[in-house]
Amino acid sequence: MNDILPGDVEVWQHVESTARDVFGRFGYAEVRTPTVEDTGLFVRSVGETTDIVGKEMYTFEDKGGRSLSLRPEGTAPAARAYIEHSISNQEPLTRWFYMGPMFRYERMKTGRYRQFHQIGAEGYGSKEPAQDVEMMDMVVQLLQKLGLTDVSLNINSLGDDACRPAYQERLVEHLRGHASELCADCQVRLVKNPLRVLDCKVERCQQIASAAPNILESLCEPCRAHFGEVQRKLDALGIKYVVNPRIMRGLDYYTRTTFEFIAAHPALGTASTVGGGGRYDKLVKSLGGPDVPAVGFGLGLDRLCLLLKESGQKYGQPADLFIAVADEGSADVAFTLASRLRREGLRVEFDTRGGSLKSQMKRADKVGATFALVLGEAERQSGQAQLKRMAGGEPLSVQLENLAQTVREALAKPAAAS
Ligand code: HAM
């Protein structure tokens with residue numbers, strides 16, 4: 001679990017505000033759900049035999065004897081809220097997004113944490129391929145806007161109730177041939193939930209999984225047509241993708257389309273999946289809600305921020321103006337001036353400790369202020385001061401009375417022009 005300190009937090013805010021902007025363009029509204037939920041919600045949705053539920057949840061009993069869990073993901077809580085508030089009675093198509101901390105007791109690695117953060121979106125009410133592609137388009141546009149272009153979209157289809165049982169049979173046949181080589185968990189999965197063997201992290205299980213039959217060869221006609229249309233629509237939008245039958249996703253609720261965004265960047269090491277999602281047409285009903293199809297995704301905010309930090313770009317807004325005090329008698333006037341300018345909309349730094357002019361100017365430099373202004377006896381008397389651009393250049397003579405306006409105008413001009 002990480003502290004996110006000033007210096008880094010600006011990168012986080014940049015990703016969050018860019019996501020709000022992009023998702024807003026697609027008509028998605030933010031939803032906020034609690035960090036804890038009834039444990040049963042995740043058992044019934046993500047699945048009992050998944051690593052997430054079986055090994056990684058922070059589960060505890062509250063004082064009322066209820067079993068609660070810190071949410072390991074956002075899809076199940078959103079679906080619970082969707083059902084609880086009868087949203088389907090209010091609108092036929094719902095588009096939600098969320099951001100926030102999730103918790104999984106995972107082994108620490110670069111880009112893999114126990115408290116991590118997701119930006120996710122869920123769309124309820126449309127079974128059409130256009131809805132799947134809208135989701136992927138939204139991620140593509142977000143990544144582009146963030147300047148993260150070295151990310152590849154991998155897509156797959158997991159079929160539905162009509163065709164997945166036949167695939168499962170073929171898979172079990174393959175896995176049975178290696179049953180004794182599978183890890184203890186996978187021996188259980190082989191009986192209870194054979195698909196989950198395919199995303200086991202144990203190396204030998206992965207080798208066996210890599211030789212498993214291809215799920216795309218088992219799709220029924222409607223699933224094949226749906227997946228074909230997803231690809232046609234991605235092509236029409238000019239979105240590049242790879243069809244990858246190994247995108248199984250590790251959570252039980254998916255039907256048909258699944259997808260992952262995989263970054264080709266060494267900063268993430270093996271934790272290179274920056275996001276994943278898919279369609280889950282049966283989940284809402286299975287949780288006691290209406291029969292509403294849905295599709296969504298979750299992006300790893302920590303991982304996106306790691307990638308952006310690598311790019312070395314600076315985010316955040318420095319102070320517009322640093323007000324330095326030349327003599328003790330001017331401190332009160334400078335303090336009041338700083339307060340007034342802030343009320344007028346400027347970002348103003350003032351060293352409340354006082355100190356020498358030299359040390360104040362050092363601080364102006366350290367905080368990266370764009371302009372500095374020294375206030376002393378002479379400036380107080382004349383009502384005029386010198387506005388100095390910290391990056392260099394001729395100082396500007398300014399009237400203290402309309403300082404906010406002058407600074408705003410100077411900020412709008414490029415450095416050399418002022
Ligand atoms: P997920 O693939 O389990 O899907 O997680 C989505 C993303 O969260 C991952 O691709 C990864 O970037 C990030 N992530 C997961 N675990 C960690 C971790 N321990 N540390 C850092 N980042 C992590 C879901 O959670 C689904 N709810 C996505 C979804 C939404 N499907 C449909 N709707």
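## Polar contacts of the ligand

A polar contact is a pair of N or O atoms within 3.5 Å; within protein, one atom must be able to donate a hydrogen and the other to accept it, and residues adjacent in sequence count only if both atoms are side-chain atoms. The model is predicted: local features need pLDDT of at least 70, side-chain atom pairs count only at pLDDT 80 or more, and totals for chains, interfaces and linings use all residues. Residues are numbered from 1 along each chain as its sequence is written, and side-chain values use heavy atoms, with hydrogens and water left out.

A side-chain N or O atom of Y253 lies 3.0 Å from a nitrogen atom of the ligand. For the side chain of E73, the corresponding distance to a ligand nitrogen is 2.7 Å, and for that of R303 it is 3.5 Å. The protein buries 96% of the 660 Å² that the ligand exposes when taken alone (accessible areas by the Shrake-Rupley method with a 1.4 Å probe; for residues, only the protein chains shown count as cover).

## The shell around the ligand

The ligand is surrounded by 26 residues, of which E73, T75, E106, Y113 and Y254 come nearest (a residue is near if one of its heavy atoms lies within 4 Å). By class, the shell holds eleven polar, eight nonpolar and seven charged residues (Ala, Val, Leu, Ile, Met, Phe, Trp, Tyr, Cys and Pro count as nonpolar; Asp, Glu, Lys and Arg as charged; the others, Gly among them, as polar).

Strands β6 (115-124), β10 (273-279) and β11 (294-300) each contribute at least two residues to this shell; helices (H or I, at least four residues) and strands (E, at least two) are DSSP runs numbered from the N terminus. With six residues, β10 provides the largest share.

## Aromatic pairs

Ten aromatic pairs are found in the whole structure (rings of Phe, Tyr and Trp, the last by its six-membered ring, with centres within 6.5 Å; planes under 30 degrees apart are stacked, over 60 edge-to-face, the rest tilted). Y82 and W96 form an edge-to-face pair, with 6.1 Å between centres and 80° between planes. The pair links helix α4 (residues 75-84), which holds Y82, to strand β5 (residues 94-103), which holds W96, across 14 residues.

Y82 counts as buried because its relative accessibility is 2%, and W96 is likewise buried, at 11% (buried is under 20% relative accessible area, exposed over 50%, partly exposed in between; 1.4 Å probe, protein chains only). F23, F97 and F297 form one aromatic cluster.

## Domains

The domain assignment gives domain 1 (9-163 + 219-310) and domain 2 (321-411), with bounds from an automatic or database assignment. Their centres, taken over C-alpha atoms, are 48 Å apart.
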